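Good morning, and thank you for coming. I would like to take a few minutes to introduce a structure that is new to most of this group.

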Amino acid sequence: MRNRKTLLKMRLCRRTGLAWLASIVIFAGSALAQGELRFCLRSEPKTFDPLKVEDDASVAIRYLTGGTLVRLNRQTQVLEPELAQSWKISNDGRQITFHLRSGISFSDGTPFSAEDVAYTVQQLMDPALQSPTGDTFRSGSGSVETKVISPTEIAITFPALVAGLDRQFDQVAILSAHSPKKEMAVLGPFVVADYKPGATLLLRRNPNYWKSDEQGHKLPYLDSITLDIQPNRDVEMLRFKRNGIDLINSLDSEYYDRLAETSPKVVHDAGPSLDSEQMWFNEVLKAPLPAYKKNWFRSQTFRRAVSQAINRDDLAKVVFRGHAQPAIGPVSPANKFWFDTKLKPTLYSPDGALKALQAEGFRFENNTLKDKDGNEVVFSIITNSGNKYREQMATMIQEDLRKIGIQVNVVTLDFPSLIERMTQTFDYEAILLGLTNVGLDPNEQMNVWLSSSENHQWNPQEKTPETAWESEIDQLMRAQAASSNPLKRKEAFDRVQEIVADEQPFIYLVNRDALSAIAANVHGASPVILAPQTFWNAERLSVK
Amino acid sequence: MNFWRRLAFLVLLLVLGMSLAANWLAPAGYRTQYREAAGAPPSRQHWLGTDEIGRDRLARVLYGTRISLLLAPAAALLSTFMAAFIGGLAGYLGGIWARGAMAITDLFLSLPWLFLLITVRALLPLNVSPLISVLVTFLLLGLLGWTSAARVLSASAGSFRDSDFVRQARASGIPGFRLFWIHVLPNLKPVLYAQFWISIPVFILSEANLGILGLGVAEPMPSWGSLLRELEGLVSVGEEPWKFVPLILLIIVVTSFQLLLSKEEGLPV
């Protein structure tokens, strides 16, 4: 009996052991589903259609749900293969050929093939759709041709060269040509499972997601992501402190310091971001300003002197509590490839500024600066009301410029009034605003640097460039856009940065740091400076 | 004058006196930026600490009090005068004049003033000095704040229209406007005083509200409105109690005005 019992036990043990081993084998190919991540969207997503995406909330959802052919690694800033295993751009920069992975399905089970890519590109480039993502591919008149070579190979030909063509596909989430679920059938790590407008959005893991980690575990690790729609940052902060949410993607410096006092391990300063704060003078000839003021604002010496008299270190230290860096030029040092390392920061020197102005005929009398015609140098700086940081920067600049006898009046206006003055009436003297950069490529700034552009803020829509340096910038920007050689493009854009640093049409003030907060129970997070800072690797995050 | 009204009067006198003596009590000045000590807690050098860009908070509170306490009564005076003439005359004349004036008053009362003030501010010239911006802010408040008072005064003046002394004066051949000026207006005095005292705290609070929206007094000039903006950060409320000084001062001043007002209205305190 004993022997039989022992035998049975041994068999049982063997069976249990085999089952355990089998479970390991099965487990290795299955998901390591771990937890729910919660964070806030600061506004309602305007669309779930990835081709129509424009607002930040929709961009975040596209990032989490959309599958792309290539993906810019937010940490290394290098383009990596995703749905496309490899790709090749033609010598003339007009055509890109993708070799796709096989055996991939959309979230609803519809198989993925080159037909879906062709369908997505045709939809994207349809003028009737007015896709903001599609606009970045428009470089010339004519239609885009797509040629499906095989189920795993497709060639896309554009009417003219598109600079940085492959990088642009980072923003293109592939749609299914055949799925009845249309844009709700996705190739990304998560799918939209539930949406309560004004309250929450629930994303669940995509059961058909194609990626696995190095150990063979299916990605994503998370079971779900709950996005609470919460525009109030104070409430977001309080919820984070009470463990109601797991991360804050973008944090103000004031909140960062307060959190750091109590929980230093949850806050992250990833260093200077791509965002910059800048001011500029109105150089529009038809602006309703006195002629002598236009002369000041169009004078390189005047702009450079003002720039020199602003203490950027203090702005970074006081207004942003040290979580910002004095800006050097139009490109943040965070943009590893495109930043011109030869540029030197503008040194703070009120004395130097005053000397330069005096050499230009300005006089410093009784603590007041006067031009050569005796006009007192007085101008206003407008910024948008409600933005505490900009109001503080404007007040500090007011005090800095007082030292060289310039009287600055700080005016805060509601945003629509400010934009109307900036773009319609040109009834302003100087503006202080910020620029949110999401892309690394200079082509995304074409609308700022071309003198004919509407967003050439200091003097928009020039029929022909009004200055030699603006003409040179136009030529350089067009040259870099027409080249498919990254080094030649960099050389041209470096020169643009040098001209801008020399002429100071924009007086760059600071680059804010990318600040975020991540709860200790979130694993795998590694905040970066590129959006989305905290969940760029969402498929590898887990919550315990 | 009972104890509470005396106390209110003394408090107002003290606050006004301190604000007028700001140059001596806080020689740091309201615009000097001590950037090395930005956001500092109270210390011997800065009794109420410094604001986020390093300006002495005590100096800003005292100068801000001076501005709010001097200009709010001026704006109240302007609006009371306007209310007296528009509301008082409408009530005195009656008929179509009263209906017309009250229709305009109702229209003014129904307008979304906050948005209109934002628009008016956007239309004003940009290059105005901080001092002018202060005057313009309170002038706007004075020009727009007459409506409620006008309704009260119209009703009061209407009650005098058919009174014996007015009929007698009319029968004596006193011309209409002179009759209004000499006989009716003096009888409206108690209501006018009450409206004046009511308007002062209302304008102080209005300026504070505009300041919170960034539409009030321009930098670097302080006002209670701009000082109250420091309380916007909900997270900081419990940690830096000295930031509450402008709010406490505002409550004390408004309460003191209300206590004084109760005498004018003959209300028990």
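I shall begin with chain A as a whole, then turn to three of its elements, and end with its contact with chain B.

Please keep in mind that this is a predicted model. Chain A contains 16 helices and 21 strands. Along the principal axes, its C-alpha atoms fill a box of roughly 115 × 60 × 40 Å. Of its 544 residues, 45% count as buried. If we take the contacts in chain A between residues at least 6 apart in sequence, 68% of them join residues at least 24 apart.

Let us look at a strand. Strand β1 of chain A covers residues 36–41, and 5 of its 6 residues are buried, so the strand is largely enclosed by the rest of the structure. Which strand does β1(A) pair with in the parallel sense? The partner is strand β10 of chain A, residues 224–229, and the pairing runs over 6 bridges. One of the residues involved is L41(A), whose bridge partner in β10(A) is I229(A).

The next element is helix α6(A), residues 233–241. Its buried residues are E236(A), M237(A) and F240(A). Viewed down the helix axis, these buried residues fall within an arc of 100 degrees, so they line one face of α6(A). As a general point, an α-helix has 3.6 residues a turn, so residues three or four places apart point the same way. The cover over the buried residues of α6(A) includes β1, which we have just met, together with β11, α7 and β19 of chain A. After α6(A) comes N243(A), with a positive phi near 60 degrees.

A second helix, α15 of chain A, spans residues 468–481. Its 14 residues reach 20 Å from the first C-alpha to the last, close to the 20 Å expected at 1.5 Å a residue. Buried residues in α15(A) include E470(A), I473(A), L476(A) and M477(A). Among the elements that cover them are α14 and α16 of chain A.

Finally, how many residues of chain A are in contact with chain B? There are 28, and they meet 21 residues of chain B. On the chain A side, the elements giving two or more residues are α6, α7, α10, β16, α12 and β17. The largest share, 6 residues, comes from α12(A). By class, this side of chain A has 11 nonpolar, 9 polar and 8 charged residues. Helix α6(A) thus appears twice in this account: it has a buried face, and it also contributes to the side that touches chain B.

Methods:
Residues are numbered from 1 along each chain as its sequence is written. Chains are lettered from A and ligands numbered from 1 in the order in which they are written. This is a predicted model: local features need pLDDT of at least 70, side-chain atom pairs count only at pLDDT 80 or more; totals for chains, interfaces and linings use all residues. Two residues are in contact if their C-beta atoms, placed from the backbone, lie within 7 Å. Helices (H or I, at least four residues) and strands (E, at least two) are DSSP runs, numbered from the N terminus. Ala, Val, Leu, Ile, Met, Phe, Trp, Tyr, Cys and Pro count as nonpolar, Asp, Glu, Lys and Arg as charged, and the others, Gly among them, as polar. A residue is buried if 20 or more other C-beta atoms lie within 10 Å of its own, exposed if 12 or fewer, and partly exposed in between; C-beta atoms are placed from the backbone. Two strands pair if DSSP finds at least two bridges between them. The arc is that of the directions from the helix axis to the C-beta atoms. The expected span of a helix is 1.5 Å times one less than its number of residues.
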